[in-house]
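Work through the exercises below with the model open beside you. Each task is followed by a solution in steps.

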Amino acid sequence: MVKFQINLLIKNLNQFIIENFPKSIIAGIEVINVKDNVVIIGCKNSSLATILKFERNRYLEILQKNSFSRVTDLKIVINN
């Protein structure tokens with residue numbers, strides 16, 4: 001049951017990103033995990049990961065506006 005809930009949360013967060021993040025980056029990122037209210041976003045390349053890391057607070061604030069999950073932190077990784 002817990003695995004199902006995490007997978008549903010990841011799916012919902014990915015949909016939230018599609019609806020709320022800039023269109024220029026949504027094709028290159030996806031939520032790959034959520035643990036202890038920390039969202040882990042995988043980036044398809046290092047340049048996109050660098051952009052997200054520099055603007056981390058901006059994207060964290062956007063994610064915190066979702067209505068279905070508490071998000072306290074954001075981790076950005078390269079996920080080829």
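**Exercise 1. The sheet**

Task: Find the order of the strands in the sheet and the sense of their pairing.

Solution.
- This is a predicted model. Three strands make up an open sheet, ordered β1-β2-β3, and the pairing is mixed.
- Next, look at the edges. β1 (29-35) and β3 each have a single partner strand, so one side of each has no neighbour in the sheet.
- Now take the twist. On average, neighbouring strands are turned by 25° against each other, direction ignored.
- Go on to the pair β1 and β2. The two strands are antiparallel and share six bridges. Glu 30 faces Gly 42 in β2 across this pairing.
- Then take β2 (residues 38-43) and β3. These strands run parallel, joined by six bridges. Here Val 39 stands opposite Leu 74 in β3.
- One antiparallel pairing and one parallel pairing account for the word "mixed".

**Exercise 2. The turn and the central strand**

Task: Which residue in the turn between β1 and β2 has a positive phi? How many residues of β2 are buried?

Solution.
- β1 and β2 form a hairpin, with two residues between the strands.
- In that turn, Asp 36 has a positive phi of about 50°.
- For β2, apply the cut-off: buried means under 20% relative accessible area. Five of the six residues of β2 meet it, so the strand is mostly covered.

**Exercise 3. Helices across the sheet**

Task: Determine which strands α3 and α4 lie across, and at what angle each helix runs to β3.

Solution.
- Start with α3 (residues 46-54). This helix lies across β1, β2 and β3, at about 160° to β3.
- Then α4. This helix lies across β2 and β3, at about 120° to β3.

**Exercise 4. The two sides of α3**

Task: Which residues of α3 are buried, and why do they line one face of the helix?

Solution.
- List the buried residues: Leu 48, Ala 49 and Leu 52.
- Look down the axis of α3. The buried residues fall within an arc of 100°, so they line one face.
- Check this against helix geometry. An α-helix has 3.6 residues a turn, so residues three or four places apart point the same way.
- Find the packing partners. The buried residues of α3 pack against α2 (23-26), β1, β2, α4 and β3.
- Turn to the other side of α3. Lys 53 and Phe 54 are exposed there.

**Exercise 5. Salt bridges**

Task: Locate the two salt bridges and give the closest N and O distance in each.

Solution.
- The structure holds two salt bridges.
- One joins Arg 58 to Glu 55, with the closest N and O atoms 2.9 Å apart.
- Check exposure. Arg 58 has a relative accessible area of 43%, which makes it partly exposed. Glu 55 is partly exposed as well, at 30%.
- The other joins Arg 56 to Asp 73, with the closest N and O atoms 2.0 Å apart.
- Place this pair in the chain. Arg 56 lies in helix α4 (residues 56-63) and Asp 73 in strand β3 (residues 73-78), so 17 residues separate these distant parts of the chain.
- Check exposure again. Arg 56 is partly exposed at 25% relative accessible area. Asp 73 is partly exposed at 28%.

**Exercise 6. Aromatic pairs**

Task: How many aromatic pairs does the structure have, and is the Phe 16 and Phe 68 pair edge-to-face or stacked?

Solution.
- A search of the whole structure gives two aromatic pairs.
- Take Phe 16 and Phe 68. The ring centres are 6.3 Å apart and the planes stand at 85°, so this pair is edge-to-face.
- The pair links distant parts of the chain, 52 residues apart: Phe 16 is in helix α1 (residues 2-20), and Phe 68 is in the loop between α4 and β3.
- Compare exposure. Phe 16 is buried, with a relative accessible area of 12%. Phe 68 is partly exposed at 38%.
- Take Phe 21 and Tyr 59. The ring centres are 4.9 Å apart and the planes are at 35°, so this pair is tilted.
- This pair also links distant parts of the chain, 38 residues apart: Phe 21 is in the loop between α1 and α2, and Tyr 59 is in helix α4.
- Finish with exposure. Both Phe 21 and Tyr 59 are buried.

Conventions: Residues are numbered from 1 along each chain as its sequence is written. This is a predicted model: local features need pLDDT of at least 70, side-chain atom pairs count only at pLDDT 80 or more; totals for chains, interfaces and linings use all residues. Side-chain values use heavy atoms; hydrogens and water are left out. A salt bridge is a side-chain nitrogen of Lys or Arg within 4 Å of a carboxyl oxygen of Asp or Glu. Buried means under 20% relative accessible area, exposed over 50%, partly exposed in between (1.4 Å probe, protein chains only). Helices (H or I, at least four residues) and strands (E, at least two) are DSSP runs, numbered from the N terminus. Two strands pair if DSSP finds at least two bridges between them. Axes are lines fitted to C-alpha atoms, for helices over the stretch in contact, and angles run from 0 to 180 degrees between N-to-C directions. Contact means heavy atoms within 4.5 Å. The arc is that of the directions from the helix axis to the C-beta atoms. Rings of Phe, Tyr and Trp (its six-membered ring) pair if their centres lie within 6.5 Å; planes under 30 degrees apart count as stacked, over 60 as edge-to-face and the rest as tilted.
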